[in-house]
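Open the model in your viewer and keep the sequence panel beside it. This tour says what to select at each stop and what is there.

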Amino acid sequence: MTSRRLLLSSSLGALRTAAITEMVVHTRVVVPNRRAGDGLTSWGAPALRPITLTRLAQQVLSSAGWSALRTAERERWMREILAGAPLTMLAPIHERVSTVTCLLGLMGELQRAHLPPDRVTQVARPGREADVALIYAAYHARCVTERRYDAAGAEHHAALLVDLPCQSTLVHGFAYLDAAQVALLDRLCDSGSVLTLPAGPGTAARTLETVAALNAHGWSSTALHDPPRSAGDHAIHGYLTATSVPCLSAGEYPDIEAEVRACLRQVRDWLAEGTPPERLAILVRNEGQYLETLADIAADYQIPLRSGLQRPLLASGLGQVLQAWCDAHTQGWPYRAVSALFTHPLVDRPEFLERARELRTTTPTGLDAWGSEWRWLALPESTTWRGALIGTVQRMLQDFGLLARCKDDVELNRLVVRFLHRLEDAAQRDGPCTREDVLSLIGFTLRSIQLPALAGKSAVPYSIPWERWPALRIGYGFSDCRKACSRRPAATIR
């Protein structure tokens, strides 16, 4: 019987070539996200439509009669569990919004770790850990009893099903897998299946852990020795092995800003020569570490950038305004919280700045000090979904001038549309709710909506080395302040 194979290489070109070859003999292709699937098809892969692992998990759960939990349902479940569980250390704070949010995050991590509730209970120490184990057992049991799953637990619950569609599968594009994903793939992948991973010199610890976990499940590892071909593969190989690359030049800089400026000056020169932005790439080891500096300097140089890095809506200006409004509720509307809301740069009310200066010495609590006409901003303890989301939240965006800004600010308009669209279902309900329900929903929405950090249709791609990119000419930035770029930018290294 043919064993399941694990193909390892630090060369993305080698992994991609192997994946395209393997697609011919497999009946299913599994990828981590849509970009990875598009990366295969854009390189001439056979017309076998890839599917993401999460989507595959959702399909098998749906076939077994399971359905997804909505955001409001997850939080309602958690509050009901907290209200009925015999908690110890978490009992005094179980009604806080932050407690619910933190516990939902822990439920997701425990499910991704593919841990059964009894195992968590066995190792939990008395106190906080015991409370979390108790809550996880109750949450997990309710999911199984009612056949419901949340977004973080799709792979975990799918891997526990009795019947799964096991068939020959190609798994490509993952940098690493969590325990739930490993367990699910072990059940889904029949003999002859192939999984590729970017493992070689300088491999990340999580990738090595994934290799070890798959080996423990019977996958046999095979190292690919295909030499690097593209400029990107040459650059990655040279960096990871600390060897010189003939087609590349290296430079060292004192800090990230100097490094980024040198890199973007080269990119600007290539753009001026007529090179299409899509045929360039800026690669970094840590996207988040470079994002702000790259965005600021690229704006100065008028260089369009796009990135696959996702950031929550909470990190945007709109998210900050909405979070400030939530914080003002939970803190009791003190001067500092109200001032942070009213004087945010997106709030187009000049009178708020003047009033903030006047109240700076007395720092009164409550909205009355800012004007009785703003009392409606404070939600009552009991309200309705429609009244809170449309009568208060949407009105706040209108009266603060954010909706008017959307006419001239395309990015803000995109954020507002995504936010209001996510709340649309809840806003159409006329049923009663509490203030905590509304604040919890908005807080979760701000954290769960993920948006590209840099977006643009015709722009220079900015990503980590393991992403797919055209790789004809490269501006290469690393967090140790080195930059490498092709000495002959007109040449294609393949």
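Start by selecting glutamine 181. This is a predicted model, and here the residue sits in helix H9, which covers residues 179–188. Is glutamine 181 buried or exposed? Its relative accessibility is 14%, under the 20% cut-off, so it counts as buried. Now show its contacts beyond four places in sequence: Leu53, Glu155, Phe174 and Tyr176.

**Zoom out to the whole chain**

Colour by secondary structure. The protein chain has 21 helices and 18 strands. It runs to 494 residues, and 47% of them are buried. Switch on the surface. About 23300 Å² is exposed, with 52% of that coming from carbon and sulfur atoms. Next, consider contacts between residues with a separation of 6 or more. Of these, 75% join residues 24 or more positions apart.

**The largest nonpolar core**

Select Leu318, Trp325, Phe342, Leu377, Leu389 and Phe400. These have the most contacts inside the largest nonpolar core, which has 50 residues. Several helices each supply at least two residues of this core, among them H14 (317–331), H16 (350–358), H17 (385–399) and H21 (435–448). Which helix gives the most to this core? H14 does, with seven residues.

Stay in the core and pick leucine 377. Leave out its neighbours within four places in sequence. Its contacts are then Trp325, His329, Trp333, Phe342, Leu367, Thr392, Met396 and Phe400.

Another core lies apart from this one. Select Val30, Leu61, Ala154 and Cys189 to find it; they are among its 31 residues.

**Helix H15**

Go back to the largest core and select residues 335–342, which form helix H15. Six of its eight residues are buried, so H15 is largely enclosed by the rest of the structure. The buried ones are Tyr335, Ala337, Val338, Ser339, Leu341 and Phe342. What covers them? Show H14 and H16, which are included in the cover over the buried residues of H15.

**Aromatic pairs**

Keep Tyr335 selected and show rings. How many aromatic pairs does a search of the whole structure find? There are ten. Take tyrosine 335 with tryptophan 370. Their ring centres are 5.9 Å apart and their planes meet at 20°, under the 30 degree limit, so the pair is stacked. The pair links distant parts of the chain, 35 residues apart. Tyrosine 335 is in H15, while tryptophan 370 is in the loop between H16 and strand S13 (382–384). Both residues are buried.

Move to tryptophan 374 and tryptophan 376. Their ring centres are 5.9 Å apart, with planes at 40°, so this pair is tilted. Both of these tryptophans are buried.

Now select the cluster that ring pairs join together: Tyr335, Phe342, Phe352, Trp370, Trp374, Trp376 and Phe400.

**Strand pairing**

Select strand S1, residues 5–8. Add strand S7, residues 194–197: the two run parallel and are joined by four bridges. Arginine 5 has valine 194 as its bridge partner in S7.

Then add strand S8, residues 220–223. S1 also pairs with S8 in the parallel sense, over four bridges. Here, leucine 6 has serine 221 as its bridge partner.

**Cysteines**

Select the cysteine sulfur atoms. How many disulfides does the structure hold? It holds zero. Compare two of the cysteines. Cysteine 102 is partly exposed, at 48% relative accessible area. Cysteine 326 is buried, at 5%.

**Two positive phi values**

Finish with the backbone. Most residues other than glycine have a negative phi. Select arginine 147, where phi is near 55°, a positive value. Arginine 147 lies in the loop between helix H7 (128–146) and strand S5 (148–149). Its relative accessibility is 43%, so it counts as partly exposed.

Last, select threonine 363. Its phi is near 40° and also positive. Threonine 363 is in the loop between H16 and S13. With a relative accessible area of 38%, threonine 363 is partly exposed.

Notes
Residues numbered from 1 in each chain as written. Predicted model: local features only at pLDDT ≥ 70, side-chain atom pairs only at ≥ 80, totals over all residues. Heavy atoms only, no water. Buried < 20%, exposed > 50% of the residue type's maximum accessible area, 1.4 Å probe, protein only. Contact = heavy atoms within 4.5 Å. Areas by Shrake-Rupley, 256 points an atom, 1.4 Å probe, with all protein chains shown as cover. Core = buried A, V, L, I, M, F, W, Y, C linked by side-chain atoms within 4.5 Å. Pairing = 2+ DSSP bridges. Disulfide = S-S within 2.5 Å. Phe/Tyr/Trp six-rings, centres within 6.5 Å; stacked < 30°, edge-to-face > 60°.
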